[in-house]
Amino acid sequence: MVHHIRSWHRTIGALAALFLLILAITGIILNHTLDFKLDERHLNWPWILEHYGVSDVKADHVYWLDGNVLSQIDDQLFVDANPVAKSREPIVGGIHLDEMTVIASEDALILLSEDGEYIETMSSGVGIPSDIQRIGLHNGLPILQTRNGMWRSDFIMEEWKQTNLEGVSWSILTEMPDSVINDLAAYFHGKGITIERFVLDIHNGHILGALGKWILDFFGFLMVLLSLSGLWMWIKKS
Amino acid sequence: MSSVRLQLRYKLLLLVMLPMVAFSVSARGVYQTDEAFLTETFDGKVPKSSVIWIKGDLRKTVADILSHKYSGMRIRYWQQDERSAWILNEIGKEQPITFGVVIDAGKIAHVKVLAFRESRGGEIRYPAFTRQFTDAGLIGLELDRHIDGVSGATLSVWAMTAVTRLALYLDTLTT
C-alpha cells in the first residue's frame with residue numbers, strides 16, 4: 001500500500017513541480033513590485049497587447065483630410081491621433097476651409113480652428129442642410145451633397161443655396177495609416193501592460209483566461225493530494 | 001410557498017418594474033429640433049444668428065458658471081429686439097443634454113429640453129419643473145430664485161440651472 005502511494009506521490013510531485021516553480025518565482029517577483037517599480041514599467045510587445053486585446057484600434061470612419069487623417073471611433077473624432085471633438089452621428093468627411101477644418105456629420109458641421117481646437121457645431125438651427133452624404137470643395141468654397149440635392153455656401157456657412165456643380169473635390173474615405181493606428185493605440189491603451197499586471201496574471205492563472213482558473217484548481221487539487229500522501233507515508237514510516 | 005402564489009408574486013413584481021423600465025427608455029430622445037425651436041420662438045421669422053467668442057475673461061466667467069471649462073470657442077444665439085434664443089449643451093451625468101433657452105428683456109421666458117440622452121433625470125423636461133425658471137433673472141452670476149430639485153434628477157437639474165445662468169449672463173453681453 002505504502003509502495004503504491006509512494007509511486008503516486010512521486011508522479012504527482014513531478015507534475016506539481018512546474019506549477020510550484022512558476023508560483024514561487026512569480027511570487028518572489030511580485031513581492032518586490034515596489035523595489036523594481038514593476039507597476040511603472042510597461043511591456044508593449046505586440047503579442048502581449050494582442051493577448052490582452054488592446055492592440056486593435058478600429059475606426060468606424062476614416063477620411064483623408066489634405067495631409068491629415070480624420071477618423072471617428074464611437075463618438076470621438078480624431079485628426080491623426082489627436083482627439084478634437086465629439087459627434088454622435090457618423091461623419092461623412094472633412095475639408096480645410098480658410099483657416100478652419102470643417103467636419104461633416106449626417107446632420108451638422110463641426111468646426112475646428114487651425115490648431116485643431118473645437119469651435120462649435122452648426123446644425124439645422126443655423127440653416128445647415130440635413131441628411132448630409134458628403135462634403136467637398138469647389139473653387140475653395142464648401143459644397144454639401146445631401147439626400148435632397150447639392151448645396152453650396154461661403155466661408156461663413158450660414159446660408160446654403162441649392163446648386164448642381166461638376167468637378168467638386170469630395171472628401172474621400174481612406175485606409176488608416178499604420179503610424180496613426182499605433183498613435184491611437186497609445187492614446188487608448190497607454191504605454192502597454194505593466195510588468196506587475198503581467199506577472200500577477202501568470203501567478204494567478206488569469207493569463208490563460210477562464211481556462212487558467214481551472215488549471216490552477218487542478219494543480220491546487222494535486223497539491224492537496226501531495227500533502228496528504230506525504231503525511232500518510234510519514235506516519236506509516238514512523 | 002405554492003407555485004401559484006410564487007408566479008403571482010413574480011407577475012406583480014414585473015408589473016411594478018415595467019413602467020420603470022419604460023420610463024427610462026422613453027426619457028431619451030429628441031423632443032424638438034433646433035430649427036423647430038427657433039421657428040416657434042420667433043413665430044416663424046427666425047433672425048440671422050450671431051456668435052459670442054468665448055475668450056479671455058469671458059472664458060473664465062463661463063467656466064465659473066458651468067463649474068468646468070467650456071469646450072467650444074464660440075456660442076451662437078439668435079436675437080430679435082429684446083428676445084434672444086440660445087441652444088446650449090450641458091452634460092447631466094454622462095451625456096450632453098440640449099437645452100433651448102429663450103430670454104425676454106433680461107428674464108427667462110422659457111427653457112426647454114430639446115434633446116435628452118441620459119438614462120435618468122428626464123423629469124426636468126416637464127413644464128411642471130421648467131416653469132420654475134420663468135421670469136428668473138440674475139443676481140451676480142446666480143439665479144434670483146431657488147430652484148426646487150427633482151429626486152433622482154439632481155445632475156440634470158444642475159445642468160439646466162447652469163445653462164439658464166449662462167444664457168442670462170451672455171444675454172447681458174448682447175445688449
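What share of the 175 residues in chain B is buried? In this predicted model, buried residues account for 44% of that chain. The accessible surface of chain B amounts to about 9,800 Å², and carbon and sulfur atoms contribute 57% of that area.

The secondary structure of chain B consists of five helices and eight strands, and these elements follow one another along the sequence in the pattern α-β-α-β-α-β-β-β-β-α-β-β-α, with a helix at either end and a run of four strands between the third helix and the fourth. As for how the chain is brought together, when the contacts in chain B with a separation of 6 or more are taken as a set, 59% of them join residues that are 24 or more positions apart.

Turning to chain A, the reader can begin with an open sheet of five strands, which are arranged in the order β13-β12-β11-β10-β14 and pair in the antiparallel sense. Strands β13 (161–163) and β14 (169–170) of chain A each have a single partner strand and therefore stand at the edges, one side of each being left without a neighbour in the sheet. The partner of β13(A) is strand β12 of chain A, which covers residues 149–152, and the antiparallel pairing between these two strands runs over three bridges. Within this part of the sheet, Arg152(A) is found opposite Lys161(A), a residue of β13(A).

Another part of chain A to follow is helix α5, which spans residues 210–237 and includes Trp234(A). This tryptophan is classed as exposed because its relative accessible area is 60%, a value that lies over the 50% cut-off for that class. Trp234(A) also takes part in a nonpolar surface patch of about 550 Å², to which Val224(A), Leu228(A), Leu231(A) and Ile235(A) belong as well.

Ser229(A) is likewise a residue of helix α5 in chain A, but its surroundings give another picture. Is Ser229(A) buried or exposed? With a relative accessible area of 12%, Ser229(A) is buried, since the class requires a value under 20%. A polar atom of the Ser229(A) side chain lies 3.1 Å from the backbone oxygen of Leu226(A). When residues up to four places away in sequence are set aside, Ser229(A) touches Ile5(A) and His9(A). Helix α5 of chain A thus holds both the exposed Trp234(A) and the buried Ser229(A).

Notes. Residues are numbered from 1 along each chain as its sequence is written. Chains are lettered from A and ligands numbered from 1 in the order in which they are written. This is a predicted model: local features need pLDDT of at least 70, side-chain atom pairs count only at pLDDT 80 or more; totals for chains, interfaces and linings use all residues. Side-chain values use heavy atoms; hydrogens and water are left out. Two strands pair if DSSP finds at least two bridges between them. Buried means under 20% relative accessible area, exposed over 50%, partly exposed in between (1.4 Å probe, protein chains only). Contact means heavy atoms within 4.5 Å. Accessible areas come from the Shrake-Rupley method with a 1.4 Å probe; for residues, only the protein chains shown count as cover. Patches are made of residues with over 30% relative accessible area and no salt bridge: like charges are joined within 9 Å, nonpolar side chains (Val, Leu, Ile, Met, Phe, Trp, Tyr) within 5 Å. A salt bridge is a side-chain nitrogen of Lys or Arg within 4 Å of a carboxyl oxygen of Asp or Glu. A polar contact is a pair of N or O atoms within 3.5 Å; within protein, one must be able to donate a hydrogen and the other to accept it, and residues adjacent in sequence count only if both atoms are side-chain atoms.
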